[in-house]
Amino acid sequence: QLSAEASIIEKSWNAWNRRDVDEAVQYFTEDVTYQDTLYRAQMKNKDDLRQHLTRVINQVPSNCNIVLDDVAEDADCIAAQWHLQVGGTDSGELLQGFSRGCSMYTKDPISGLIQTGLDVTESPLKVNEAALSTLTMPLQQQRLFRGAKMPQWF
């Protein structure tokens, strides 16, 4: 049960956890723009967001919930750190894969509803130091050859 002081995003996520998409989107403006970095398409209104949330609900286990780890909110914006948990919010396990992330929101100054949203989800692939060196090798090579005269066949 949420307290009366719960943030607007806590209220929306609580509704999503109950699979009440209509309530979840009521905390957003009609012209909301929302980007979930796991998906290509940007949502450009409340109907797009409703379809997106419904799609996500259909993709995760029925006992998967969004758990708020931290939230910072002022009059204009909200930042939240969260994770997805299977099996309830008290004793469940992390959803394997795309399970943690951060979200940033701006609020409409008149209505106080969420006007923009961005979800950035942690990658399930972790890059160790050796892999990072491999990924940056082309940049390192470019730095070595900067200013050098390259053969014409190159």
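Beyond its neighbours within four places in sequence, Glu-30 is in contact with Asn-45 and Lys-46 in this predicted model. Glu-30 belongs to strand S1, which covers residues 28-36, and its relative accessibility of 58% places it among the exposed residues, because that value lies over the 50% cut-off. Leu-49 stands 19 residues away from Glu-30 along the chain, and the C-alpha atoms of the two are separated by 9.8 Å.

The setting for that strand is a protein whose secondary structure comes to four helices and six strands, with the elements following one another from the N terminus as α-α-β-α-β-β-β-β-β-α. Of the 154 residues, 31% count as buried. Among the contacts with a separation of 6 or more, 44% are accounted for by residues 24 or more positions apart. The protein exposes about 10200 Å², and carbon and sulfur atoms supply 53% of that area.

Which residues of H1 are buried? They are Ile-8, Ile-9, Ser-12, Trp-13, Ala-15, Trp-16 and Asn-17, so that seven of the ten residues of H1 are buried and the helix is mostly covered. An α-helix has 3.6 residues a turn, so residues three or four places apart point the same way.

Just after H1, Arg-19 takes a positive phi of about 65°, although Arg-19 is not a glycine. Arg-19 lies in the loop that runs between helix H1 (8-17) and helix H2 (21-25). With a relative accessibility of 24%, Arg-19 counts as partly exposed, because partly exposed residues are those between the 20% limit for buried and the 50% limit for exposed.

On the surface, Met-104, Leu-118 and Val-120 form a nonpolar patch, and together these residues have about 220 Å² of accessible area. Met-104 is found in strand S5, which covers residues 100-107, and at 40% relative accessibility Met-104 counts as partly exposed.

The accessibilities of the residues discussed individually are set out below.

| Residue | Location | Relative accessibility | Class |
|---|---|---|---|
| Glu-30 | strand S1 (residues 28-36) | 58% | exposed |
| Met-104 | strand S5 (residues 100-107) | 40% | partly exposed |
| Arg-19 | loop between helix H1 (8-17) and helix H2 (21-25) | 24% | partly exposed |

How values were computed
Residues numbered from 1 in each chain as written. Predicted model: local features only at pLDDT ≥ 70, side-chain atom pairs only at ≥ 80, totals over all residues. Heavy atoms only, no water. Helix = DSSP H or I, 4+ residues; strand = E, 2+ residues; numbered from the N terminus. Buried < 20%, exposed > 50% of the residue type's maximum accessible area, 1.4 Å probe, protein only. Contact = heavy atoms within 4.5 Å. Areas by Shrake-Rupley, 256 points an atom, 1.4 Å probe, with all protein chains shown as cover. Patch = residues over 30% accessible without salt bridge, like charges linked within 9 Å, V, L, I, M, F, W, Y side chains within 5 Å. Salt bridge = Lys/Arg side-chain N within 4 Å of Asp/Glu carboxyl O.
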